[in-house]
Amino acid sequence: MINLGILFKTFRDSLQVLVLCSLGMIAFVVFFTWAMRDMGQAVLDFVGQVPFIQKIFETMFGIEVSGQISFSVMLAICFTHGVSLTLAWSTIIATVTRTTVGEIERGTADVLLTLPVSRSQVYVSVSLIWMLIVGVISVCPLIGIWLSVQLFELPDPVDVMSFWIPTVNFVSLNWAVAGITALCGCSLNRRGLAIGMVVGFAVISLLLNFLEPFLEKAKWIGYAGILSYFRPVEIIRVAEWPVRSIGFLVVLGSCTWLAGWLIYSRKDIPAV
């Protein structure tokens with residue numbers, strides 16, 4: 001079921017984007033830690049003085065501004081920060097759509113699919129690279145936190161091992177994004193449209209996550225977005241594994257990945 005030629009070609013094509021985005025995410029986490037070390041509590045004190053801004057801040061990062069906040073809880077913001085999500089999801093979307101729909105748009109899909117390999121072999125081979133990328137990009141915030149602990153003198157002791165829990169949750173979240181991207185890419189023949197659909201889904205998830213605290217009588221709407229199943233700040237605060245959230249995201253990613261496989265193995269390739 002695995003073709004090594006396609007596997008290595010996909011890895012080579014994806015390596016540059018993966019390295020750049022991974023290094024960018026690690027660097028962001030290090031700079032974020034450095035900034036929060038010096039002015040994190042001052043920012044929280046300022047935000048706490050304006051109720052509306054406080055509500056927005058708590059909504060965006062899932063952190064309660066009132067009271068004393070440990071530095072580990074503040075570091076957990078790195079996982080849900082817009083920079084981290086943008087770097088992770090752009091890497092995944094670019095890689096997944098390259099094979100599923102990019103080859104069709106470039107007009108090279110007929111060449112790829114006339115090789116002595118089945119479509120299932122192509123799909124499974126490139127999927128292994130997707131899984132590798134999901135794993136690598138998801139562990140980057142943890143690497144950044146570990147580097148920060150080594151480089152800086154932090155105001156509170158930080159248990160780096162405790163961040164493995166949100167890291168695993170981050171892996172499941174990114175796997176769900178990869179599965180949804182695979183389904184969109186296999187269902188369409190234009191890469192721009194496929195990327196637009198995934199980005200639209202991500203924006204809707206962000207919007208639902210933002211609006212959830214303001215909709216007291218309709219909090220269930222928030223569960224329609226995948227970010228409702230990723231709460232790293234709460235994870236660090238209570239130090240418990242979010243088994244249900246991780247399970248839901250893994251099932252979502254796996255089901256959409258399987259659906260993409262079925263579509264890819266049967267779809268007609270237009271002559272363009």
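**Exercise 1. Are Y123 and W130 buried or exposed?**

*Solution.* The model is predicted.
Step 1. Take the burial first. Both Y123 and W130 are buried.
Step 2. Turn to the rings. Y123 and W130 form an edge-to-face aromatic pair. Their centres lie 5.5 Å apart, with 85° between the planes. Edge-to-face needs over 60 degrees, so this pair qualifies.
Step 3. Look for further rings. Ring pairs join Y123 and W130 with W257, W261 and Y264 in a cluster.

**Exercise 2. Find the salt bridges and place each one in its helix.**

*Solution.*
Step 1. Recall the principle. Side chains of opposite charge can pair when their charged atoms come close.
Step 2. Count. The whole structure has 2 salt bridges.
Step 3. Take K9. Its partner is D13, and the closest N and O atoms are 3.0 Å apart. That pair counts because the cut-off is 4 Å.
Step 4. Place the pair. K9 and D13 both sit in helix α1 (residues 4-48). They are 4 residues apart, about one turn of the helix.
Step 5. Take R237. This residue bridges to E234, with the closest N and O atoms 3.5 Å apart. Both belong to helix α10 (residues 232-238), 3 residues apart, again about one turn.

**Exercise 3. Classify the accessibility of the four salt-bridge residues.**

*Solution.*
Step 1. Set the limits. Buried means under 20% relative accessible area, and exposed means over 50%.
Step 2. Read each residue against them.

| Residue | Relative accessibility | Class |
|---|---|---|
| K9 | 38% | partly exposed |
| D13 | 31% | partly exposed |
| R237 | 35% | partly exposed |
| E234 | 38% | partly exposed |

**Exercise 4. Describe the surroundings of N169.**

*Solution.*
Step 1. Locate the residue. N169 lies in helix α8 (residues 164-187).
Step 2. Check the accessibility. N169 has 0% relative accessibility, so it counts as buried.
Step 3. Find a polar partner. The N169 side chain reaches the backbone oxygen of Y229 at 3.3 Å.
Step 4. List the contacts. Leaving out residues up to four places away in sequence, N169 touches Y229, F230, R231, I235, P242, I246 and L249.

**Exercise 5. How many aromatic pairs does the structure hold, and which parts of the chain does the F79 and F163 pair link?**

*Solution.*
Step 1. Count. There are 10 aromatic pairs.
Step 2. Check the geometry. F79 and F163 are stacked, 6.5 Å centre to centre, with 10° between the planes.
Step 3. Trace the chain. This pair links distant parts: F79 is in helix α4 (residues 77-80), and F163 is in the loop between α7 (119-151) and α8. The two residues are 84 apart.
Step 4. Add the burial. F79 and F163 are both buried.

Terms used:
Residues numbered from 1 in each chain as written. Predicted model: local features only at pLDDT ≥ 70, side-chain atom pairs only at ≥ 80, totals over all residues. Heavy atoms only, no water. Salt bridge = Lys/Arg side-chain N within 4 Å of Asp/Glu carboxyl O. Buried < 20%, exposed > 50% of the residue type's maximum accessible area, 1.4 Å probe, protein only. Polar contact = N/O pair within 3.5 Å; in protein donor to acceptor, adjacent residues only side chain to side chain. Contact = heavy atoms within 4.5 Å. Phe/Tyr/Trp six-rings, centres within 6.5 Å; stacked < 30°, edge-to-face > 60°.
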